[in-house]
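Biologist: I would like a close look at a single part of this protein, set against the fold as a whole. Please take me through it carefully.

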Amino acid sequence: ITSVAAALNHTLFLDSTGAVHACGDNHRGQLGFSLLEDAYPLPRKIHSLSHHKLICIAASAHYTALAARDAPAVLILLGHAGKHTPFRISLPAPSTDAIIHRFAGASSPASVMAIQATHTRAWVVLAGGTLYVVELGHAGGARALIPRCSGRRRVVRVSA
């Protein structure tokens, strides 16, 4: 196990192969398992994510955030607004210009350094120190990535 993320009623484990295992309450689909309302007392692999190259995990009281080094890299939200279907947001490709970023269809994966999940936001730190936030709506919608810190300021870690 290379990383652990714990929330109010669920816990995630990222292993060295990039697989994620989860246990706890799945009443909002935050574990990524198909049966809502079920509790899983022992860690179980989330097979629905096995096609992603997962590199970071974070847990909030009501959802799970995961970053995958796919092409393009994506932020995956599980259980957001009580929906079982994963919500995916493409991360910007690396760019020499800290202000201009390409989103959907990026040609090379972003390098995610850290993610964090709070009740209403998911935070993403990319290599180079750019901080992005995803504002989460209660109706299941999520706004696009919004740059919060770029240019000369560099973020190295995010915590909630």
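Biologist: In which loop is His52 found, and between which strands?

Modeller: Bearing in mind that this is a predicted model, His52 sits in the loop that runs between β4 (39–45) and β5 (54–59). Although it belongs to a loop, His52 counts as buried, because its relative accessibility is 9% and the cut-off for burial is under 20%. Its side chain makes a polar contact, at 3.1 Å, with the side chain of His51. Once residues up to four places away in sequence are set aside, His52 touches Ala68, Asp70, Val74, Ile76 and Arg88.

The strand on the N-terminal side of this loop, β4 (39–45), contains Tyr40, which likewise counts as buried, with a relative accessibility of 10%. Apart from its neighbours within four places in sequence, Tyr40 is in contact with Cys23, Gly24, Asn26, Leu31, Phe33 and Leu35. For one of these residues, Gly24, the C-alpha atom is separated from that of Tyr40 by 5.0 Å, while the two residues are 16 apart along the chain.

As for the setting, the protein has zero helices and 12 strands, and 46% of its 160 residues count as buried, His52 and Tyr40 among them. Where contacts join residues at least 6 apart in sequence, 40% of them link residues at least 24 apart. The accessible surface of the protein amounts to about 8,100 Å², and carbon and sulfur atoms account for 55% of that area.

Key. Residues numbered from 1 in each chain as written. Predicted model: local features only at pLDDT ≥ 70, side-chain atom pairs only at ≥ 80, totals over all residues. Heavy atoms only, no water. Helix = DSSP H or I, 4+ residues; strand = E, 2+ residues; numbered from the N terminus. Buried < 20%, exposed > 50% of the residue type's maximum accessible area, 1.4 Å probe, protein only. Polar contact = N/O pair within 3.5 Å; in protein donor to acceptor, adjacent residues only side chain to side chain. Contact = heavy atoms within 4.5 Å. Areas by Shrake-Rupley, 256 points an atom, 1.4 Å probe, with all protein chains shown as cover.
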